[in-house]
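Student: Hi! Could you help me find my way around this one?
Tutor: Happy to, let's put it up and go piece by piece.

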Amino acid sequence: MTTQQGFLAAVSAALGRTAPLEAPGARSGRSLEPGGTAAGPGREILARAFADCSREIGAAVVETTRAGLPGALRSAVASAGPGPVVVANDPLLGGLGPAEALLAGREVRVWGGGSPREELVGFAARAAAGLAVATMALAESATVLLLGGGSSVSLLPESVLFVVPSSRIRPRLTEGMEFLSRLGALPAAVHFVSGPSATSDIELIRVVGVHGPVHVTHIVVGDM
Amino acid sequence: MGIKTSNLGLRRRMRESLSDAFMRSSIANAQDRINPMRADCCAELDRYEQWRELAAGIRAHTLENLDFYLGQFAGNARRAGSVVHFARDGREAAAVARTVFLQKKARRGVKSKSMVTEEIGLNEALEEIGVQILETDLGEYLLQIDGRDKPSHIVIPALHKNRERIREVLAGQTGYTGDSAPESMTRHVRQILRKAFLEADVGVTGCNFAVASSGSVALLTNEGNGRFVSGIPETLITFVGMERVVPELGDLDALCSLLPRSAVGARSTIYMTLTTGPQGAADVDGPGEHHIVLVDNGRSAVLGSRFRDVLRCIRCGACMLVCPAYRHVGGRGYGVLYPGPLGLALVPAMTGYAESGDLAGICSLCGACNDVCPVKIPLYELILEHRRAMAEDARRTGRVERLAFGQYGRILGNPGLYAAATRWARLANAAPRIGPLGAWSRSRELPRIPGERFRDWFARRRKEGRMD
């Protein structure tokens, strides 16, 4: 088996060096000069762009307020049909009170809480809906950025609801990557999710709902 | 599968491709539909040309400093808890996976679409030790169950199959009883693969980008299979072609902005997952064990050659979708894993001319590929360079070509012969369209040779006294 030293020696030799570089050569421009105004687009413009793009990529949009959020969540869960609901472990949802009370009448489970992973995955696999919160959202591509909280929550159920506080909507991937760069160490899994899963593998005909969720709803909270 | 996907000769492969009417119409349809979408989506991106410049710069810088960034990536991935392996060739790379499966006593693996694992023949290597490895990208799955059929495009692998054929295969192999609507067949496969994801012991993925500064691997998919494969099984093995490295997370901005736009005309893929080590104490997600296999398999030879720039490639497939030769030959006619202009530039540099030099002929040098490449690889120039290198090898100068050009020179150099040849050339208009001309002229007009030569016309006008 090849060692790191042997492997890198072949790469260095190909680059005309006898040993790997100690530091990389100078880089020219790492990013585009910022365009537009320094302040960037306002919250309403970003929320509008995020909602428009969400619809374009096949995600439903519900616009609500902090006060209307519990009701919006209950009605979105109701439209997912009967069955259990798996909820991400997130302080924003925690702030709405116990999930069992919020979604009374449903079998509910919050990700984590000391249960073995296998058991949680099994529960998420039979859940009708998953409820997660965007750490950040990107307007240009209607992308939801997820850090922790339970990846299977937004992957296994047929319907997934993302709570998107409008203050967390940023223009584009540039801001998403800046945010991750500032974090220092990354969690084991970071996900960028843009709408329901889809494929065009059969005769280039777009089919929504392949392995991941079939229905995705973005619940945008205007004053949060 | 290996980098070669066919042992047939070039002419035989061409004949088979050209006679596959469905394949040719599907490729033409894909080109005609996706190209305008790509153009619109790129035009909509503010300062697209500057983004391309930036992306090309990132890739070129990484390649120039690849030894440093590979070392940095390996160190940071280890710090995050991943086990990092190095493989000089495909055999070594496959051996790593075999060892992991054997150590874990794993029998079932799920895999998300990955070119590098095809290149190293991973599926075959695992099947030899009794592991069942299932492709989970819908297109790749359909190819796998259809007698391990070969892909026709790097992003849309089952492009050459029509829905009726797919229904037959699903019925024969999986007991499918539904209709041939893409929605129904996709739902059926969803059920089968959902079960496989939940039961698998090991997940195997490729890698779009490996980030040196954080030790993360980025995987982009639309179907969600990449998320399942990297997040559900207890053990994850990520194969990384060694040129996939980028210096920093910020570099993913430009590259991930251009990749889906160039590939299918979308602003973003539906899923992008960054995996940084296995699940730690503070994490609620992630694989229990994460192995990373860095693969050379001929890449360092390309890096050290005049063809280095082709390693900038981010595998979007845009060059294929604009290529007039690919339109007719289709992916499988190339007989190698990487078709189209990318394959012409890359594969001979990896394998040598004896193995795949004939590829360089599948190109009209129109240059359309250069114009759409998001990382500005000079594909046209690299293909031309391969031809030049081969032509310089005297043994490779074909006798037929020498003979043809010799005759041509003789005719041009002799006024009598030239006059006779041009006088009778128009008879070619009446020649029957048979043999290669028959196939060629089915989709094109043959140029017609005018009935009167210029020199005859000129002489006639002078004779008639109309010289003003």
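Student: In which sense do strands β5 and β6 of chain B pair, and over how many bridges?
Tutor: Strand β5 (residues 209-211) of chain B and β6(B) pair in the antiparallel sense, over 3 bridges. Here two strands pair if DSSP finds at least two bridges between them. Helices (H or I, at least four residues) and strands (E, at least two) are DSSP runs, numbered from the N terminus.

Student: Anything I should know before reading on?
Tutor: This is a predicted model, where local features need pLDDT of at least 70, side-chain atom pairs count only at pLDDT 80 or more, and totals for chains, interfaces and linings use all residues. Residues are numbered from 1 along each chain as its sequence is written, while chains are lettered from A and ligands numbered from 1 in the order in which they are written.

Student: Okay, back to that hairpin. Which residue stands opposite Ser216(B)?
Tutor: That is Val211(B), with Ser216(B) sitting in β6(B). The hairpin has 4 residues between its strands, and Gly215(B) takes a positive phi near 75° there.

Student: And is β6(B) buried or exposed?
Tutor: Strand β6 (residues 216-221) of chain B is mostly covered, with 6 of its 6 residues buried. A residue is buried if 20 or more other C-beta atoms, placed from the backbone, lie within 10 Å of its own; 12 or fewer makes it exposed, and anything in between partly exposed.

Student: What about its two faces?
Tutor: Both are covered: Ser216(B), Ala218(B) and Leu220(B) are buried on one side, and Val217(B), Leu219(B) and Thr221(B) on the other. In a regular strand the side chains alternate between the two faces of the sheet.

Student: How many bridges join β6(B) to β9(B)?
Tutor: There are 5, and those two strands run antiparallel. In that pairing, Thr221(B) stands opposite Tyr271(B) of β9(B).

Student: What's the strand order in the whole sheet?
Tutor: This open sheet of 8 strands goes β8(A)-β5(A)-β6(A)-β9(A)-β9(B)-β6(B)-β5(B)-β8(B), with mixed pairing. At the edges stand β8 (169-170) of chain A and β8 (245-246) of chain B, each with a single partner strand, so one side of each is left without a neighbour in the sheet.

Student: Which strands of the two chains pair with each other there?
Tutor: Strand β9 (residues 189-193) of chain A and strand β9 (residues 271-275) of chain B pair antiparallel over 5 bridges. Val190(A), for one, has Leu274(B) as its bridge partner.

Student: And on the chain A side, how do β5 and β8 pair?
Tutor: Strand β5 (residues 136-138) of chain A pairs with β8(A) in the parallel sense over 2 bridges. Ala137(A) stands opposite Ile169(A) of β8(A).

Student: How many residues does the contact between the chains take?
Tutor: It takes 77 residues from chain B and 66 from chain A. The element giving the most to the chain B side is α10(B), with 8 residues. Two residues are in contact if their C-beta atoms, placed from the backbone, lie within 7 Å.

Student: What kinds of residues are on that chain B side?
Tutor: They divide into 31 nonpolar, 27 polar and 19 charged. Nonpolar covers Ala, Val, Leu, Ile, Met, Phe, Trp, Tyr, Cys and Pro; charged covers Asp, Glu, Lys and Arg; the others, Gly among them, are polar.

Student: New topic: how do α9(B) and α10(B) cross?
Tutor: The axes of α9 (residues 163-174) and α10 (residues 182-199) of chain B come within 11 Å and cross at roughly 30°. Axes are lines fitted to C-alpha atoms, for helices over the stretch in contact, and angles run from 0 to 180 degrees between N-to-C directions. The two helices are therefore roughly parallel to each other. Under 35 degrees counts as roughly parallel, over 145 as roughly antiparallel, 65 to 115 as roughly perpendicular and the rest as oblique. Residues making the contact include Ile166(B) and Leu170(B) of α9(B) and Met185(B) of α10(B).

Student: Any odd backbone angles in the loops?
Tutor: Lys105(B) has a positive phi of about 50° although it is not a glycine. Most residues other than glycine have a negative phi. Lys105(B) lies in the loop between α5 (90-103) and β2 (108-111) of chain B, and Lys105(B) is exposed, with 7 other C-beta atoms within 10 Å.

Student: Last one: how much of chain B is buried?
Tutor: Of its 468 residues, 50% count as buried.
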